[in-house]
Amino acid sequence: MVTLQLGLSVPLIPTRGASYSPMLNAAQHCTSIQLKSSYLAPNLCFFVSNSYKPDQYTSPSFFPPINQSVAAIIFGDGTESKLNPLTKRRSDGAIPIAANYRLVDIVISNCINSNISKIYAFTQFNSTSLNSHLSRAYSALGLGREGFVEVIAAYQSPEDNKWFQGSADAVRRCLWVLEEHPVTEFLVLPGHHLYKMNYKDLIHAHRSSGADITIAARHADTVKRNPGLGYLQVSSNNNVVAIREKTEGGPKKPSNESSSTKNDMNKRGDGEGYWSMGIYVIKREALVKLLKWHMPDADHFSTQVLPGAINVGMKVMAYKFDGYWEDMKNIEAFYQANMDIRLNKIPGFNFYDKDAPIYTLPRCLPPSMISDAVITESIIGDGCIINNCKIKNSVIGMLSCIRDRVVIEGSIIMGADIYQMEDVQRSTGTTTDIPIGIGEGSYIKKAIIDKNARIGQNVRIANKDNVQEGSRDANGYVFSGGIVTVLRGAVIPDNTVI
Ligand SMILES: Nc1ncnc2c1ncn2[C@@H]1O[C@H](COP(=O)(O)OP(=O)(O)O[C@H]2O[C@H](CO)[C@@H](O)[C@H](O)[C@H]2O)[C@@H](O)[C@H]1O
């Protein structure tokens, strides 16, 4: 019996010219599906051209062409992660999202889709998983003759025997690497944001205005107030006249924050307020001058180098962006982004866009196998084994194993690194006998189950006491904003109630 009413869409991209090897790997998107003994076809591996479709950029500001003249600098992660406990063992960019991907795939795909194929990824904290994903997914051969994703892992040397002290320190100490290619601009990007942007528009605006630095920004009215964001004061001709960032060691808030900063500025006639997206393009000479001559001791771009550029008289402009953008400011934002992706209803952003596909590591997994399950409004990653169960409003990551009589609602199951095809013998009765996946008869609601977790039989995870914040690390889970996150590799014994 197969009853289908689903929006299952897989992007079809013709092969043209040079090809990228990273895999287009859209998860199966199910509006409603009931399957008995069926397979979902695995995501096919499509190869796409780097000769991006013809566009409007024929003006002089696009000579030399963007793929030769712009290199991206992606920041993998610094010390502070807002996504703990998902970042206990990995950096933000390596967090699984939308069943088949890692967060960093989004920004790298934006680069590839904008014809930017020289990509430097700076990594430092908890970087093992990110380094491994980047080097396996985006091999140099796949990005055309001159393209690459080069991982620049933090290092110590006889001259510099400290770790990178911040984003600016990292770039300064690696200028010798960045200067190997004679690009005219660097595009600086955080590696964990969820958005789709054609960076050509940003670069076009930057070149047209003759700016030294152009910062992508959102109007203050369009983003919920967030003290973690940098505040830009922007004049009517888009000049950034002041930047107020978090101060080192202090709170992450604009220095003159009041209940309505924007209104205060308007009263003073100083221009309008925008939030910085932490995404900016900077002229190569400006970057070198700022880091080597003007601020040789600055460690951070956000609090020191960008405000300092205005102080030394450089032209800093704002590029207004009003598309979907989520900077993953906390676990709730991450959870909500997954829920929105699941519905495939984010305006201007989805994983099924043939003109701007999302790439990831080609894993060659078998199709997901589903027996007698009822699945609604959910996405299912590759290689899952889903038995007689009910799944509603959820994201089920790669290689998930969901056993009989399980009910999952509004949850993110991140999946596993390995299959445990046969249930481990449970004769000894110790908790370590619990296999990876979700055990028979368990119920999971509004939770994030990190990779390789072992949920026993008849477990109930539904935040019964409505705890908002709290760490139960020793027991393998944490509450954040009322969402239960079960830690990577945690073992939750049979009959546990959370
Ligand atoms: N040595 C290192 N190696 C690798 N990565 C490193 C690193 N040091 C720092 N990073 C990473 O670089 C990125 C940028 O760091 P920033 O300190 O500028 O800040 P943040 O992301 O808080 O805010 C920024 O982004 C928000 C939007 O989210 C803006 O509003 C704000 O103005 C802007 O400063 C972060 O992802 C950080 O983890």
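This tour visits one pocket, two helix pairs and one cavity in a predicted model.

**Stop 1: the second largest pocket**

Begin by selecting R102, R136, R363, D417 and K451. Of the 16 residues that line the second largest pocket, these five are the closest to its centre. The space in this pocket comes to about 300 Å³. Extending the selection to the whole lining brings in 8 charged residues, together with 5 nonpolar and 3 polar ones. Next, highlight helix α3, residues 128–137. Helix α3 gives the most to the lining of the second largest pocket, contributing 4 residues.

**Stop 2: helices α2 and α3**

Keep α3 on display and add helix α2, residues 103–113. How do the two helices lie relative to each other? Their axes come within 11 Å and cross at roughly 40°. Angles from 65 to 115 degrees count as roughly perpendicular and those under 35 as roughly parallel, and α2 and α3 are therefore oblique to each other. The crossing of this pair is right-handed. To see the contact itself, show the side chains of V104, D105 and I108 on α2, and of L130, H133 and L134 on α3. By class, the residues of this contact divide into 4 nonpolar, 1 polar and 1 charged.

**Stop 3: helices α8 and α9**

Move along the chain to helix α8, residues 284–294, and helix α9, residues 301–311. The axes of α8 and α9 come within 11 Å and cross at roughly 110°. The two helices are therefore roughly perpendicular to each other, and α8 passes α9 in a right-handed crossing. Select L287, L290 and L291 of α8 with F301, V305 and A309 of α9 to display the contact. Which classes of residue occur in the contact of α8 with α9? There are 6 nonpolar residues, with no polar and no charged ones.

**Stop 4: the largest cavity**

Finally, turn to the enclosed spaces. How many cavities of 30 Å³ or more are there? The count comes to 6. In the largest cavity lies about 70 Å³ of space. To centre the view on this cavity, select I413, G415, G437, I438 and A453, which are the closest to its centre among the 16 residues that line it. Colouring the lining of the largest cavity by class will mark 10 nonpolar residues, 4 polar and 2 charged.

Methods: Residues are numbered from 1 along each chain as its sequence is written. This is a predicted model: local features need pLDDT of at least 70, side-chain atom pairs count only at pLDDT 80 or more; totals for chains, interfaces and linings use all residues. Side-chain values use heavy atoms; hydrogens and water are left out. On a 1 Å grid over the protein atoms alone, a cavity is a set of points where a 1.4 Å probe fits but cannot get out, and a pocket is an open set with protein on both sides within 12 Å along at least five of seven lines; lining residues have an atom within 4 Å of a point. Grid points are joined across faces, edges and corners, and a volume is the space filled by probe spheres set on the points. Ala, Val, Leu, Ile, Met, Phe, Trp, Tyr, Cys and Pro count as nonpolar, Asp, Glu, Lys and Arg as charged, and the others, Gly among them, as polar. Axes are lines fitted to C-alpha atoms, for helices over the stretch in contact, and angles run from 0 to 180 degrees between N-to-C directions. Angles under 35 degrees count as roughly parallel, over 145 as roughly antiparallel, 65 to 115 as roughly perpendicular and the rest as oblique. A crossing is left-handed if the near helix is turned anticlockwise from the far one by less than a right angle, and right-handed if clockwise. Contact means heavy atoms within 4.5 Å.
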